[in-house]
Amino acid sequence: MSINANIDWSKLGFTYTKTDLRYVSKWKDGKWDDGKLVEDNNITISEASTALHYGQQCFEGLKAYRTRSGKIQLFRPDENAKRIRKSCKRILMPEIPIEKFVDACVQVVKANESFVPPYGTGATLYLRPYVIGIGDNLGVRSAPEFLFSIFCCPVGPYFKGGMAPVNFMIAEEFDRAAPHGTGAAKVGGNYAASLLAHTNAVEKGFADCIYLDPATHTKIEEVGAANFFGITNDNVFVTPKSPSILPSITKYSLMHIAKEYLKLEVQERDVPINNLSDFKEAGACGTAAVITPIGGIAYNNELHVFHSETEVGPVIKKLYDTLYGIQFGEVEAPEGWLVEVK
Ligand code: PLP
Ligand code: COI
């Protein structure tokens, strides 16, 4: 299949594009059906669906990469499968078997192969799997039926500037998730809760906000759509440990890369907001965000600048080059990280 000639790959942002086919599978009477690819990008569901009223829904995000030789590969789709199972379990939705999830991802990429951006453009094919509670229901309870679907769109950088540093502000007045709430699950309610704080941050000229721990407001949790990490002045890769943040697959991949490829010490631990000067570099990481260097963080009416507001720090540059190299097939990947789409 040839590559779509009507897209200016280098100009893509993180926006929706309708592609050719999407995957749809339904759960009814205790089981998932076989699933199929469909052309229609609209879904028709009961007006009384729990997804619409009680937020019974979750989603995932992962990408397909085209290598220099033209091969297409998915990055750690089994990890997304495991995470969506945890999200489903947390909000009482039926879990999708790991093989069904990965197979559906492969089917969607294959069916939309012409939308996988060419190597060298930096663009990728973003897959958005989701599960929603559907069917007629009124009271607050789990839905009688469920829909699992995956669509995909070619995308560029999530934060403007891609690998250029951007500034974030601490969301001092808002929490994203509650202690013992759904912060570790990828459910839409967490994102609805973040919209106002995000919009306020953007209106003030920041890329997004960073949330503090909901119980004490003293420790960094994460960015609205990415995890946080920092490099200490003595070269330790540090990232927050908290039960209310999303366990980022990119973050765990970077911890492995920092340790095994860059030979850095790695710590997953509390990151007090008052100790920002411990870090010489900081970044946001995620599937959409990839690695976005953090220029500075505004807190208490002060902007704390890390390495620089305009230049990427050397450790983050190495982490980025290694992650990007693995995803695009230029650097040898750890066993099992890549699934070829053929
Ligand atoms: N944190 C939040 C709130 C996110 O939405 C995302 C995106 O998926 C991440 C972190 C990064 O997770 P991952 O690296 O698995 O994409
Ligand atoms: C991702 O990185 O895949 C995300 O889900 C982040 C955001 C677009 C919600």
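**Exercise 1. Is Ser248 buried or exposed, judged by its relative accessibility?**

Solution. Begin with the ground rules: this is a predicted model, in which local features need pLDDT of at least 70 and side-chain atom pairs count only at pLDDT 80 or more, while totals for chains, interfaces and linings use all residues. Residues are numbered from 1 along each chain as its sequence is written, chains are lettered from A and ligands numbered from 1 in the order in which they are written, and side-chain values use heavy atoms, with hydrogens and water left out.

Next comes the scale: buried means under 20% relative accessible area, exposed means over 50%, and partly exposed lies in between, for a 1.4 Å probe and protein chains only. Ser248 has 6% relative accessibility and therefore counts as buried. As to its place, Ser248 belongs to the loop between S13 and H5, where helices (H or I, at least four residues) and strands (E, at least two) are DSSP runs numbered from the N terminus. The side chain of Ser248 also reaches the backbone nitrogen of Lys251, at 2.8 Å.

**Exercise 2. Find the surroundings of ligand 1 and the polar atoms that approach its oxygen atoms.**

Solution. Start with the neighbours, taking a residue as near a molecule or strand if one of its heavy atoms lies within 4 Å of it. Ligand 1 is surrounded by 16 residues, of which Tyr191, Glu222, Ser248, Thr250 and Thr287 are the closest. Turning to secondary structure, at least two residues of this shell come from each of strand S12 (226-232), helix H5 (249-260) and strand S15 (279-286).

Then look for polar contacts, meaning pairs of N or O atoms within 3.5 Å; within protein, one atom must be able to donate a hydrogen and the other to accept it, and residues adjacent in sequence count only if both atoms are side-chain atoms. A side-chain N or O atom of Lys186 is 2.8 Å from an oxygen atom of ligand 1, and a polar backbone atom of Ile249 is 2.8 Å from an oxygen atom of the ligand. Thr287 contributes a polar side-chain atom, at 2.6 Å from an oxygen atom of ligand 1.

Finally, consider cover: ligand 1 taken alone exposes 380 Å², and the protein buries 96% of that, with accessible areas from the Shrake-Rupley method with a 1.4 Å probe and, for residues, only the protein chains shown counting as cover.

**Exercise 3. Which residues surround ligand 2?**

Solution. The list includes Phe14, Phe59, Tyr126, Arg128, Lys186, Tyr191, Thr287 and Ala288. Going through the polar contacts in turn, Tyr126 places a polar side-chain atom 2.6 Å from an oxygen atom of ligand 2, while a side-chain N or O atom of Lys186 is 2.7 Å from an oxygen atom of the ligand. A polar backbone atom of Ala288 lies 2.8 Å from an oxygen atom of ligand 2. Of the 280 Å² of accessible area that ligand 2 has on its own, the protein covers 91%.

**Exercise 4. Why is Cys153 not bonded to Cys152 through sulfur?**

Solution. A disulfide is a pair of cysteine sulfur atoms within 2.5 Å. The closest cysteine sulfur to that of Cys153 is in Cys152, and the two are not bonded because 6.7 Å is too far for a bond. Cys285 is in no disulfide either, since the nearest cysteine sulfur, that of Cys209, is 16 Å away. By this rule, the count for the structure comes to zero disulfides. Both cysteines can then be placed on the accessibility scale: Cys153, at 4%, is buried, and Cys285, at 0%, is buried.

**Exercise 5. Describe the positive phi values of Asn235 and Lys263, together with the places of these residues.**

Solution. As background, most residues other than glycine have a negative phi. Asn235, which is not a glycine, has a positive phi near 70°; Asn235 lies in the loop between S12 and strand S13 (236-240) and is partly exposed, with a relative accessible area of 32%. Lys263, again not a glycine, has a positive phi of about 60°. The loop that holds Lys263 runs between H5 and strand S14 (265-269), and Lys263 is exposed, with a relative accessible area of 64%.
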